[in-house]
Protein chains: 2
Amino acid sequence: MRIGKLAERTGVSHRLLRYYEEQGLIIPSRAPNGYREYTESHVDIVLQIKGLLDAGLPTRIIRQLLPCLDRPETIYVPNVTPEMIATLQREQARLSERIEFLTRNRDAIADYLDTVLSVRSVNTGAPPSVSPAAPPGSSSNAGPGR
Amino acid sequence: MRIGKLAERTGVSHRLLRYYEEQGLIIPSRAPNGYREYTESHVDIVLQIKGLLDAGLPTRIIRQLLPCLDRPETIYVPNVTPEMIATLQREQARLSERIEFLTRNRDAIADYLDTVLSVRSVNTGAPPSVSPAAPPGSSSNAGPGR
DNA sequence: CTTGACCTTCACATCAATGTGAGCGTTTAA
DNA sequence: TTAAACGCTCACATTGATGTGAAGGTCAAG
């Protein structure tokens, strides 16, 4: 399929699809006339990219992650360097941290909503307290942060 | 404390602390000479902001979230509008989505690492080469629409 | 053949999060 | 009293993810 169709299927703009390509995240083939040609699997990949970007990961990392988020049989890359493994482990830890942090904050919001809604429905009495989320490991983030 | 101390305590640069202020995320008082004066609780708030930013939330949203993630005494339920509640509920859902997505991806990375490491420990010969990019048949995990 | 939809590249614009530095005032300590 | 260290504002620079538009090529339908 061509770029317009892929944009429609994924909800990602033409511009961004070209940007992803420029960043080395997708590599469409070209028709004789120069048009980009995408396959069905590109739909999944673009959705994946979109999700990771939305999750706050930079393209630089996504580029490294993508080959590892595929089906098990297709994934043994010949030249898997120790640095690559280290990067993945780091990123895995980073994701865990992020997940924890987001979870704590989501729960804090939930508590807040509970409090507000219950107080609202009763309209009097001392407002209960919710505990805030402590930020994770905090300073000196090794990787080049965003 | 003044801005230098806060920067040191939080690992956030002077410039960013002023930026957060400009964005309405922190509101220090001013000494007679114009210097910003921060309290102890600003340390926590800045750490909180840092974490949320790192988690991919924009300042615009953080601004709305912060009053709900604050210290117990401050949760005195101000004029909380229905729109505010709706925003929070939306953001809560968004956080949940993000958490799920990140979790799936983290687990996918974990699987990959497991595979690679176990293959590595058994592997005695050169692994067969594989097509460099975009192997067909990907359906591992489609991103959540948004 | 012309029109319109779709594609191409190139390039400038924008927004958020940061960095950096200039130019100037304040505090501190030798 | 002077220098170092710190603070202030203003403002331009940069990076990453996007938008937008110009100038033009391809192609199907009228």
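**Helices and DNA contacts**

Visitor: Which residues of helix 1 and helix 3 of chain B meet?
Guide: L6(B), R9(B) and T10(B) sit on the helix 1 side. They meet E40(B), H42(B), V43(B), V46(B), L47(B) and K50(B) of helix 3. Contact here means heavy atoms within 4.5 Å. Helices are DSSP runs (H or I, at least four residues; strands are E, at least two), numbered from the N terminus.

Visitor: What classes of residue make up that contact?
Guide: The contact of helix 1 of chain B with helix 3 of chain B has 4 nonpolar, 2 polar and 3 charged residues. Ala, Val, Leu, Ile, Met, Phe, Trp, Tyr, Cys and Pro count as nonpolar; Asp, Glu, Lys and Arg count as charged; the others, Gly among them, count as polar.

Visitor: Hold on. What kind of model is this, and how are things numbered?
Guide: It is a predicted model: local features need pLDDT of at least 70, side-chain atom pairs count only at pLDDT 80 or more, and totals for chains, interfaces and linings use all residues. Residues are numbered from 1 along each chain as its sequence is written, chains are lettered from A and ligands numbered from 1 in the order in which they are written, and side-chain values use heavy atoms, with hydrogens and water left out.

Visitor: Back to that pair in chain B. At what angle do helix 1 and helix 3 pack?
Guide: About 50°, with their axes 10 Å apart. Axes are lines fitted to C-alpha atoms, for helices over the stretch in contact, and angles run from 0 to 180 degrees between N-to-C directions. Helix 1 of chain B and helix 3 of chain B are therefore oblique to each other. Angles under 35 degrees count as roughly parallel, over 145 as roughly antiparallel, 65 to 115 as roughly perpendicular and the rest as oblique.

Visitor: Is that crossing left-handed or right-handed?
Guide: Helix 1 of chain B passes helix 3 of chain B in a right-handed crossing. A crossing is left-handed if the near helix is turned anticlockwise from the far one by less than a right angle, and right-handed if clockwise.

Visitor: Now chain A. How do helix 1 and helix 2 cross there?
Guide: Their axes come within 9 Å and cross at roughly 100°. That makes helix 1 of chain A roughly perpendicular to helix 2 of chain A.

Visitor: Which residues make the contact?
Guide: Helix 1 of chain A brings I3(A), G4(A), L6(A) and A7(A). Helix 2 of chain A brings H14(A), L17(A) and R18(A). By class, this contact has 4 nonpolar, 2 polar and 1 charged residues.

Visitor: New topic: DNA. Which residues come nearest to strand D?
Guide: S13(A), Y19(A), Y35(A), G4(B) and R36(B), out of 20 residues around DNA strand D. A residue is near a molecule or strand if one of its heavy atoms lies within 4 Å of it.

Visitor: What parts of strand D lie by the protein?
Guide: Of the atoms of DNA strand D within 4 Å of the protein, 69% belong to sugar or phosphate. The rest belong to bases.

Visitor: Which side chain has an N or O atom 2.8 Å from a base nitrogen of strand D?
Guide: Y35(A). Phosphate oxygens of strand D also have partners: an N or O atom in the side chain of Y19(A) is 2.6 Å from one, and an N or O atom in the side chain of R18(B) is 2.8 Å from one.

Visitor: Which elements give two or more residues to that surface?
Guide: Helix 2 (14–22) of chain A, plus helix 1 (3–10) and helix 2 (14–22) of chain B. Helix 2 of chain A gives the most, with 4 residues. The residues of the surface near strand D divide into 8 nonpolar, 6 polar and 6 charged.

Visitor: And strand C? Which residues are closest?
Guide: G4(A), R18(A), R36(A), Y19(B) and N33(B) are closest, among 21 residues that surround DNA strand C. Of its atoms within 4 Å of the protein, 74% belong to sugar or phosphate.

Visitor: Which side chains have an N or O atom by a phosphate oxygen of strand C?
Guide: They include R36(A), at 2.7 Å, S13(B), at 2.9 Å, and Y19(B), at 2.6 Å.

Visitor: Which element gives the most to the surface near strand C?
Guide: Helix 2 of chain B, with 4 residues.

Visitor: Last one. Where is R106(A), and what does it touch?
Guide: R106(A) is in helix 5 (residues 82–122) of chain A. R106(A) touches Q92(B), L95(B), S96(B) and I99(B), not counting residues up to four places away in sequence. A polar contact of 3.1 Å joins the side chains of R106(A) and S96(B). A polar contact is a pair of N or O atoms within 3.5 Å; within protein, one must be able to donate a hydrogen and the other to accept it, and residues adjacent in sequence count only if both atoms are side-chain atoms.
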